[in-house]
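Biologist: Please walk me through this structure one element at a time, and spell out the reasoning behind each answer as you go.

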Amino acid sequence: MPSNIEWTDETWNPVTGCTRVSPGCDHCYMYALYPRLNAMGVSGYDTEPSTVRLLPERLNAPLRWGAPRHVFVNSMSDLFHHDVPFEFVTAAFEVMQEAAESRGHVFQVLTKRPGRAVAWWEDNKSVFNDEWPANVWIGTSVENQKYAPRITVLSRLPAPIRFVSAEPLLGQVDLSPWLSNGDVQWLIVGGESGRSARPMDMEWVRSLRDQSQEAGVAFFLKQLGGARNKRGGAAAVVDGETWREMPDRSLASV
């Protein structure tokens, strides 16, 4: 499905439903979208949002898309949720590998459960000849300093492009140890949006921008957030500049 998310082109949801694990999940848009999608008759959304559902009929969709695109995997779930069997994760990765090679797609997998991602890889890397599938980026969410160690776990995955989504950014965060040692190739920052949005201090944004610039890591300011207007796109400005950098795709060339 075409996406309005600034850093991707398409969303692909072979899994729907998720459960909250940290403060960044408190006002997750997935919980608000679920009833709307159900009312529209969209398949896969006729249960509670906290019920994780596998939708194998959606697995092969990327193989039918023609033009190369960036694909956000499971915008309405987490591929590494404990209710998603490793066999299904492997099936999704096999599709991603084939679609990257045959169609040139880039897949962006974002998880709040990097530990389970590592466990899956250790159990299944032989399926991929011990080589991380090309053009599959892997990221984790870091909403405040408490959850920055997720990056240490993420770094155990041999993906050439690992990224961090600091959205919703809920406090001052020092990521410099992970940015400077090569654990992260891309940093996305965004404020929370929606009726209960918690404010993002621009000093937090400046700090992460400066940390990224010093480490040579691509920096993408997605949105400033807000209750009525998320202030994304051209309105996502810090010190008069928009920041929409992307990681070097040559690091993950097919």
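Biologist: How many bridges join β7 to strand β8?

Modeller: This is a predicted model, in which local features need pLDDT of at least 70, side-chain atom pairs count only at pLDDT 80 or more, and totals for chains, interfaces and linings use all residues. Residues are numbered from 1 along each chain as its sequence is written, while side-chain values use heavy atoms and leave out hydrogens and water. Strands (E, at least two residues) and helices (H or I, at least four) are DSSP runs numbered from the N terminus, and two strands pair if DSSP finds at least two bridges between them. β7 (residues 162–166) and β8 (residues 186–190) run parallel, and the number of bridges that join them is four.

Biologist: Which residue of β8 does Ala 166 stand opposite?

Modeller: Strands of a sheet pair through backbone hydrogen bonds, either parallel or antiparallel. β7 and β8 follow the parallel arrangement, and across from Ala 166, in β8, stands Val 189.

Biologist: How many of the five residues of strand β7 are buried?

Modeller: In a regular strand the side chains alternate between the two faces of the sheet. Here Arg 162, Val 164 and Ala 166 point one way and Phe 163 and Ser 165 the other, and all are buried, a word that stands for under 20% relative accessible area, with over 50% called exposed and partly exposed in between (1.4 Å probe, protein chains only). The strand is largely enclosed by the rest of the structure because the buried count is five of the five.

Biologist: How many bridges join strand β5 to β6?

Modeller: β6 (residues 136–141) is joined to β7 by four bridges, and they run parallel, with Ser 165 as the partner of Ser 141. On its β5 side, Val 109 has Ile 138 of β6 as its bridge partner. On the way from β5 (residues 106–111) to β6, the chain passes through helix α3 (residues 114–124) in a right-handed β-α-β crossover, right-handed meaning that, with the strands pointing away from the viewer, the path from the first strand over the helix to the second runs clockwise. These two strands also run parallel, and the bridges joining them number five.

Biologist: Which strands stand at the edges of the sheet?

Modeller: Seven strands form an open sheet in the order β1-β4-β5-β6-β7-β8-β9, with parallel pairing. Two of these strands each have a single partner, so one side of each is left without a neighbour in the sheet, and they are β1 (10–12) and β9 (218–223).

Biologist: Which residue's backbone oxygen lies 2.8 Å from a polar atom of the side chain of Thr 140?

Modeller: Thr 140 lies in strand β6, stands opposite Val 164 in β7, and is buried, with a relative accessible area of 0%. Its contacts (heavy atoms within 4.5 Å) include Leu 110, Thr 111, Arg 150 and Phe 163. The residue that offers its backbone oxygen at 2.8 Å is Thr 111.

Biologist: What distance separates the end C-alpha atoms of helix α6?

Modeller: The expected span of a helix is 1.5 Å times one less than its number of residues. The 14 residues of α6 (residues 202–215) should therefore span 20 Å, which agrees with the separation of its end C-alpha atoms, 20 Å.

Biologist: Which residue caps the N-terminal end of α6?

Modeller: After the helix comes Gly 216, whose phi is positive, near 75°. At the N-terminal end, a side-chain oxygen lies 2.8 Å from the backbone nitrogen of Glu 203, and the capping residue that supplies this oxygen is Asp 201.

Biologist: With which residue does Lys 222 share a side-chain polar contact of 2.9 Å?

Modeller: Lys 222 is found in strand β9 and is buried, with a relative accessible area of 8%. Among the residues that Lys 222 touches are Trp 7, Glu 167, Ile 188 and Gly 232. A polar contact is a pair of N or O atoms within 3.5 Å, where within protein one must be able to donate a hydrogen and the other to accept it, and residues adjacent in sequence count only if both atoms are side-chain atoms. The side chain that Lys 222 meets in this way, at 2.9 Å, belongs to Gln 223.

Notes
Lists of a residue's contacts leave out its neighbours within four places in sequence.
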